[in-house]
Amino acid sequence: MTAMPLPKDHYDVVIIGAGPAGLAAAAVAGKAGLSTLVLDENAQPGGQIFRAITSTPVQRRDILGDDYWRGENLVAETRAGGAVIVQGATVWSLDRDLQIAVSLLGQSQIVKARRVIIATGALERPFPIPGWTLPGVMTVGAGQTLLKSSGLVPDGKVVLAGTGPLLWLYAAQVLRAGGAIDAILDTTPRGNYWRALPYALPFLMSPYRAKGLALMREVKRKVRVVSNVTSLAALGGDKLDAVAFSAGGAEQKIAADTLLLHQGVVPNVNLANAAGVAHRWDERQLCWVPVLDADGNTSVPGIAIAGDGAGIGGALAAAERGRIAAVAAVEALAPGKKSLTPDRSELSNTLRRAELGRAFLDVLFQPAQQFRLPEGDTIVCRCEEVSAARIKETIALGTEGPNQLKAFLRCGMGPCQGRLCGLTVTEMIAQARGMSPDAVGYYRLRPPVKPIALKELASMPHSEQDEKAVVRG
Ligand SMILES: Cc1cc2nc3c(=O)[nH]c(=O)nc-3n(C[C@H](O)[C@H](O)[C@H](O)COP(=O)(O)OP(=O)(O)OC[C@H]3O[C@@H](n4cnc5c(N)ncnc54)[C@H](O)[C@@H]3O)c2cc1C
């Protein structure tokens, strides 16, 4: 099937990502009469939380829960606002001239924008433990994607391990869908409960408290939960056979066919980083976040970031951040249309309420150092199969930072472009050299930020100017 060219090659606003942030932004910009294009790599709109909302085979609404079904209204609102939503569209480049390279059905084209809103969301934090590359080991997010888009739950002996709200949500969804879980190995450090206390009051006033406690109670009624797990290893030859773990000072082992790992989500920084957007290290969320103003504007003029890509805030906050970034785009591009947009201060109040309790969750579910800084033969870079020991050896040789390490070991050079090793590498260098992660820095990313075929690049339409540029080299 040949790709249909995009309806136009220039728009007022181009939004990358059709999760809550992108959809909400597109609804506001479209309703205000700006020509708006949403590009998303998935087959259906919805992003992570509302994945496959328009096509999921899971029809019993209690399984995925009310929060999931709120996505139906948001998709309808965006479509009604007149924005053009293109699915199956992978954006692999965004430059300072606001030119976007997008791959559709194996063909790439350039689209130009007056404003870009990056709403590419979050990724699951790497969880490098011994054996995490074994067949049978995957992430909780991948398991949930199979449930939302195909109605599948894992069978056989199933173990979940890690920390964070998504782990408990997915466990409850699996149980409601008729699946079974043999054990949950909870790696939340006991000390985190004390460290989170100073942030408890806003959390107690937020909707997260009741929801979170209800989820945990629902799961603990049916599943053996081992808390304060301090080490983990996936065991097996050519596939997973068992999980070794220690808790309460005792070494234990449990047979498993499937191990689902999760230790939180972090902003998906690749496109913004490659576009030259400034980022800083967030000590509480232990990850890179873009440097933004109150409207989500970045250090690159014309590029804004909204949603979990702006720092983890959850789905409600993501939608509000999308609306705020879209209002700012309307104010900049069509001030006369301001009356067609939601009230800015009301959006800020809703955002503040949605972020209530976030600090408590960030500190409570901060993954332990031993699960962020692997040792020995544990693979750090899955694409290039680079182990922690190799990385440590090379750092000890006096490696400056992640980019020099990349040149020496190829870690971060594979198809995932550092999504699964970047944070680990930064923290390993910081620890070895006694520096802050902010001072160590991150991989300097370049397009394409998503893999594309060379023939696709070669067959792109290009202007005489491009040819001259290439010849000039
Ligand atoms: C695997 C996973 C599962 C989650 N499940 C839940 C859940 O069930 N409930 C919950 O409350 N929270 C969940 N979250 C947290 C989630 O981050 C937020 O709740 C919410 O979805 C964030 O909204 P967003 O619009 O910022 O980003 P997302 O919802 O993440 O949407 C971003 C969209 O951008 C697309 N995209 C990314 N890069 C590109 C590109 N280069 N080109 C084109 N498209 C691109 C992504 O595929 C995605 O569709 C999950 C997070 C993850 C990582």
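Student: What phi does G357 take, just after helix 11?

Tutor: G357 takes a positive phi of about 90 degrees there. This is a predicted model: local features need pLDDT of at least 70, side-chain atom pairs count only at pLDDT 80 or more, and totals for chains, interfaces and linings use all residues. Residues are numbered from 1 along each chain as its sequence is written, and side-chain values use heavy atoms, with hydrogens and water left out.

Student: What makes residues 344-355 count as a helix?

Tutor: A helix is a DSSP run of H or I with at least four residues (a strand is a run of E with at least two), numbered from the N terminus. Helix 11 has twelve residues, so the length condition is met.

Student: And how do you know what span to expect for helix 11?

Tutor: Take 1.5 Å times one less than the number of residues. That gives 16 Å, and helix 11 reaches 17 Å from first C-alpha to last, which is close.

Student: Which residues of helix 11 are called buried, and why?

Tutor: L347, S348, L351 and A354, because each falls under 20% relative accessible area (exposed is over 50%, partly exposed in between; 1.4 Å probe, protein chains only). Down the axis, these buried residues fall within an arc of 125 degrees (taken from the directions from axis to C-beta atoms), so they line one face. An α-helix has 3.6 residues a turn, so residues three or four places apart point the same way. On the other side, E346, R352 and R353 are exposed.

Student: What do the buried residues of helix 11 pack against?

Tutor: Helix 8 (207-220) and helix 10 (315-333), where contact means heavy atoms within 4.5 Å.

Student: Why is Q285 called buried?

Tutor: Its relative accessible area is 9%, which is under the cut-off, so the label fits. Q285 sits in the loop between strand 17 (279-282) and strand 18 (287-290).

Student: What makes the pair Q285 and I312 a polar contact?

Tutor: The backbone oxygen of I312 lies 2.8 Å from a polar side-chain atom of Q285. The limit is a pair of N or O atoms within 3.5 Å; within protein, one must be able to donate a hydrogen and the other to accept it, and sequence-adjacent residues count only through two side-chain atoms.

Student: How far is the ligand from the side chain of E41?

Tutor: A ligand oxygen is 2.5 Å from an N or O atom there, and another such pair, with the side chain of Q144, is at 2.7 Å.
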